[in-house]
Amino acid sequence: MTLNRRKLLGGGLTCAAVFATDATTPTGAVDSPGLPAGTFTRSAKAIGEASEDFGHIIHRPPRAVFRPSSTAEVGTAIRWAGDRGLKVAARGQGHSTYGRAMAEGGIVIDMRGINAIQHVDADRIVVGAGATWREVLTATLSKGLTPPVLTNYLELSVGGTLAVGGIGGTTSRHGMQADNVLELDVVTGDGRELTCSADLNPDLFDAIRGGLGQCAVITRATLRLIRAPGRVHRFQLFYPDFRSLTADQRLMLADGRFDQLQGAILPDGAGGWRYQLDGAIFHDGDAAPDLEVLDGLSDQRDGAVVSDLTYLEDASAFARLEALLRSNGQWANPHPWWLTFLRGSHAERIAAEILQDLTSDDVGPFGRITYYPLLTGALLSPFVRMPAEDVAFPFNIIRFPSSNAAAGSKAMVAKNRALYERVRSEGAVLYPVSAFPMTGDDWQDHFGPAWPRLRQAKERYDPRHTLTPGYQVF
Ligand SMILES: Cc1cc2nc3c(=O)[nH]c(=O)nc-3n(C[C@H](O)[C@H](O)[C@H](O)COP(=O)(O)OP(=O)(O)OC[C@H]3O[C@@H](n4cnc5c(N)ncnc54)[C@H](O)[C@@H]3O)c2cc1C
């Protein structure tokens, strides 16, 4: 049975009436003509959901939640909100960790209804920006194709990851997801419905990819596709210490023997750490994994785990951890994550110093510290920031605390801020999905030479500063 969401919401008249009695709205009456009927809701459920995110640290209720099903409806809502001085934030899947998709007292646009797969051609897919990467991958795999870069977790929205960059195991070869976009349809903060690409409105195209939703809401994305491998040989290798892990990671990055290279430092359950490298080789046949690929490595070979998976199984690997964390309640705990890119030339020293001060309590029993090298040459989107070196190391504290105590997460947020200041002074760059407060000056520093272009684009496309207040950039 298909349920009609508009009917369930009770129709536009009810919502308009609620707005009309909302005395706190800047203009008093807000039952403006032209609001798309039945798309606004102030139900406690919708407001509650839009006041929360995966971080469970920040809680900011919007005035209403808007559920569009077309670019035109997004345009109407943004113009309507802008005219009333209300802030607007798009929300994809709400996997931000620090209120970035919230709009306190404003309008949250729930993008999940704009998720249609419009076409899949030999080299591209056109999708609604509310689609998840799983929906994208399902559609493309049916034609033997894949986006070149997938996030490790597929339940993130296209719009949500393009706003920050979108890193995955193939980033060394293909850049970020933001580097694999051909065209975007957007609604700007001043309500214009525009298309942009490298040739059409290129300043807007740049400002959107990695631009933290400051200039426009993406409604439709045309994404590059490549041929999908049929299967993946995955190699999980373990090391006795941090130094030997890093040495092998650097070796493998230099010789390019793996199609994907990642790694992590995980609690070993006895108060120490385990050092893990993840490599993958794509293939199409039914050949067994070639163990010669491990020649010259110094891992603890007896502990190595080698698997042969379908491409989809491999891409979905995070789902097992998600299921576990949902079943033990830790998916709903606060997640004060901290994500950064260290300069390749300093990575070992800084990471080792930070690791000395971390214990497994800092990440939780199922948390991890992501750590591996990547080549920065394929990263071309100017607002996705990266240290200015050929190699950078994602160094991410992925905290899954076993407790939901607010005091614990507050202390971790404070630690995150202190760590940020420490690594920033050594040339590291933030991945802007981290959980701690940032000021306008911090963002200016973060964007560095790209800052004047972002400020210019903001004034050009969102002059009333309507969009995406949650990052506190402007
Ligand atoms: C379990 C987990 C795993 C993750 N793994 C990865 C990973 O492998 N690689 C990686 O890069 N990141 C990863 N992330 C981080 C993730 O990419 C970001 O948090 C992303 O912003 C979340 O996407 P979302 O759809 O949930 O966005 P939301 O949290 O809903 O929104 C994020 C930001 O994007 C804006 N936004 C949302 N939709 C649009 C739109 N259509 N147009 C303009 N702006 C929009 C929002 O306003 C907000 O500011 C992971 C996060 C989690 C929780």
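**Reading domain contacts and salt bridges**

Modeller: Searching the whole structure turns up 34 salt bridges, each a side-chain nitrogen of Lys or Arg within 4 Å of a carboxyl oxygen of Asp or Glu. This is a predicted model, so local features need pLDDT of at least 70 and side-chain atom pairs pLDDT 80 or more, while totals for chains, interfaces and linings use all residues. Residues are numbered from 1 along each chain as its sequence is written, and side-chain values use heavy atoms, with hydrogens and water left out.

Biologist: Which parts does the pair of Glu 104 and Arg 60 tie together?

Modeller: Generally, side chains of opposite charge can pair when their charged atoms come close. Here Glu 104 and Arg 60 form a salt bridge at 4.0 Å, N to O. Glu 104 sits in the loop between strand 3 and strand 4 (107–110), and Arg 60 in the loop between helix 3 (44–50) and strand 2 (64–66), so the bridge links parts 44 residues apart in sequence. Those are DSSP runs numbered from the N terminus: helices are H or I, at least four residues, and strands are E, at least two.

Biologist: What are the domains of the chain?

Modeller: Domain 1 is 5–111, domain 2 is 117–227 + 452–471, and domain 3 is 231–433; the bounds come from an automatic or database domain assignment.

Biologist: How much area do domain 1 and domain 2 bury between them?

Modeller: Interface size is often given as the accessible area lost when the parts come together. For domain 1 and domain 2 that's about 1,800 Å², 59% of it on carbon and sulfur atoms (1.4 Å probe, summed over both parts). In contact there (heavy atoms within 4.5 Å) are 22 residues of domain 1 and 23 of domain 2.

Biologist: How many salt bridges are there between domain 1 and domain 2?

Modeller: Two. Arg 464 forms a salt bridge with Asp 83, with the closest N and O atoms 3.3 Å apart. On the side of domain 1 that touches domain 2, helix 4 (71–83) and strand 3 (88–91) each supply at least two residues. Helix 4 gives the most, with eight residues.

Note on methods: Buried area = accessible area lost by both parts, 1.4 Å probe.
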